[in-house]
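Dear colleague,

Please find below the structure that I am handing over to you. My findings follow it, and I should be grateful if you would read them alongside the coordinates.

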Protein chains: 2
Amino acid sequence: MKLSTRARYGSRALLDIALQSSDEPVQLKEIAQREDISLQYLEHLVTPLISAGIIRSQRGAKGGVMLARPASEIKLSEIVNILEGTIDPVECIEHPDVCERSHSCVTRDIWDEVKKAMDAVLENITLQNLVERYMKKEKPEPVMYYI
Amino acid sequence: MKLSTRARYGSRALLDIALQSSDEPVQLKEIAQREDISLQYLEHLVTPLISAGIIRSQRGAKGGVMLARPASEIKLSEIVNILEGTIDPVECIEHPDVCERSHSCVTRDIWDEVKKAMDAVLENITLQNLVERYMKKEKPEPVMYYI
DNA sequence: TATAAAGTATACTAAAATAGTAGACAATAT
DNA sequence: ATATTGTCTACTATTTTAGTATACTTTATA
């Protein structure tokens, strides 16, 4: 029941891009270095994200990638879905035919509830939220101490 | 992000046992047949469930397995945990040391929230609940039709 | 317009996890 | 005594995941 590196690395890469947010594209090489992901593997993650319209790329010298939409409009559920495929904990949620029991299977119902619980979390978190969380961790609000 | 067959088969096997609930042990061979799981594979699932005190077994002729506790005291979270290992979607939840970023990683925080959402579902469903859901599906309450 | 610096695409390989099988062994009801 | 049933350990096959390699395309800019 583990997420693969694809979703993990991919989310980190996207957060990285969001944090560099300027008008200039961010080079894959830089992302790879900062995030400790091999450039070649990162490319595998970037391609589907481009196809899905999460990021866009500029080829050639001074090229790189950038968010295709505002960070506030990129939901984590979308990212995970693109990189991980469906989050369904069991095949029979999406394709009931794989098991003749599906229609009457109560355990299947449970896995569906589990999926929905996960979805609910991921649907409500955007890249922008991640950026804010990051900022908060990096620069915590000064705390007042009362003596 | 798939559950393995272990948790799926295991839950079904336990529900099967709960449904046969009598004082007599249920034979593994029967469970295997009803649930379409090879006997040998089922044995792999049964062993850890016995160790964990979910079921107990009687060896020898007329032997089999039975619930070691009332179905209402067996939570799905426990079953999944035994058969699947932790449900953590990423290694770094349980073992932050696997990644030097853990302490400052905001994506990790998200995966932790996802885990908690899943846990919340599985903690609240017992084998007894599954039995009741099953009964409901099999013998739906008669519905009044108003003309 | 040549060229270096990027991203793109496809194919391959290694490693790990998952799923499943086989067979000898141990306990027990009858 | 013995047939029936669970137990244990070892092995194997398959699939998925992770990662590497290499040739190719695009483009800024000198």
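The notes below cover conventions, confidence, the interface between the protein chains and the two DNA strands.

This is a predicted model, in which local features need pLDDT of at least 70 and side-chain atom pairs count only at pLDDT 80 or more, while totals for chains, interfaces and linings use all residues. Residues are numbered from 1 along each chain as its sequence is written, chains are lettered from A and ligands numbered from 1 in the order in which they are written, and side-chain values use heavy atoms, with hydrogens and water left out.

Confidence

pLDDT is the predictor's confidence in each residue, on a scale from 0 to 100. Chain A has a mean pLDDT of 92, with 94% of its residues at 70 or more. Within chain A, helix 3 has the highest confidence, at 97, and helix 5 (residues 91-94) the lowest, at a mean of 89. Helices here are DSSP runs of H or I with at least four residues, and strands are runs of E with at least two, both numbered from the N terminus.

Interface of chain A and chain B

In this interface, 41 residues of chain B are in contact with 41 residues of chain A, contact meaning heavy atoms within 4.5 Å. The area buried between the two chains is about 3,700 Å², and carbon and sulfur atoms give 65% of that area. Buried area is the accessible area (1.4 Å probe) that two parts lose on being put together, summed over both.

The rule finds eight salt bridges across the interface of chain B and chain A, whereas a search of the whole structure finds 24 over all chains. A salt bridge is counted when a side-chain nitrogen of Lys or Arg lies within 4 Å of a carboxyl oxygen of Asp or Glu. Arg133(A) and Glu113(B) meet in a salt bridge at 3.1 Å, N to O. This pair joins two chains, because Arg133(A) lies in helix 7 (residues 127-138) of chain A and Glu113(B) in helix 6 of chain B. Another salt bridge links Lys137(A) to Asp109(B), with the closest N and O atoms 3.0 Å apart.

The interface also has 12 residue pairs in polar contact, both residues being at pLDDT 80 or more. A polar contact is a pair of N or O atoms within 3.5 Å; within protein, one must be able to donate a hydrogen and the other to accept it, and residues adjacent in sequence count only if both atoms are side-chain atoms. On the side of chain B that touches chain A, helix 6 of chain B gives the most, with 11 residues. By class, that side has 21 nonpolar, five polar and 15 charged residues. Here Ala, Val, Leu, Ile, Met, Phe, Trp, Tyr, Cys and Pro count as nonpolar, Asp, Glu, Lys and Arg as charged, and the others, Gly among them, as polar.

DNA strand D

DNA strand D is surrounded by 29 residues, of which Thr5(A), His44(A), Gln27(B), Leu28(B) and Ser57(B) are the closest. A residue is near a strand if one of its heavy atoms lies within 4 Å of it. Sugar and phosphate make up 70% of the strand D atoms that come within 4 Å of the protein. As for bases, an N or O atom in the side chain of His44(A) is 2.5 Å from a base oxygen of DNA strand D. A polar side-chain atom of Gln40(A) lies 3.4 Å from a base nitrogen of the strand. Helix 3 of chain B supplies the largest share of the surface near DNA strand D, four residues.

DNA strand C

Around DNA strand C there are 28 residues, the nearest being Gln27(A), Leu28(A), Ser57(A), Thr5(B) and His44(B). A polar backbone atom of Leu28(A) is 2.7 Å from a phosphate oxygen of this strand. His44(B) places a polar side-chain atom 2.5 Å from a base oxygen of DNA strand C. The largest share of the surface near DNA strand C, four residues, comes from helix 3 of chain A.

Yours sincerely
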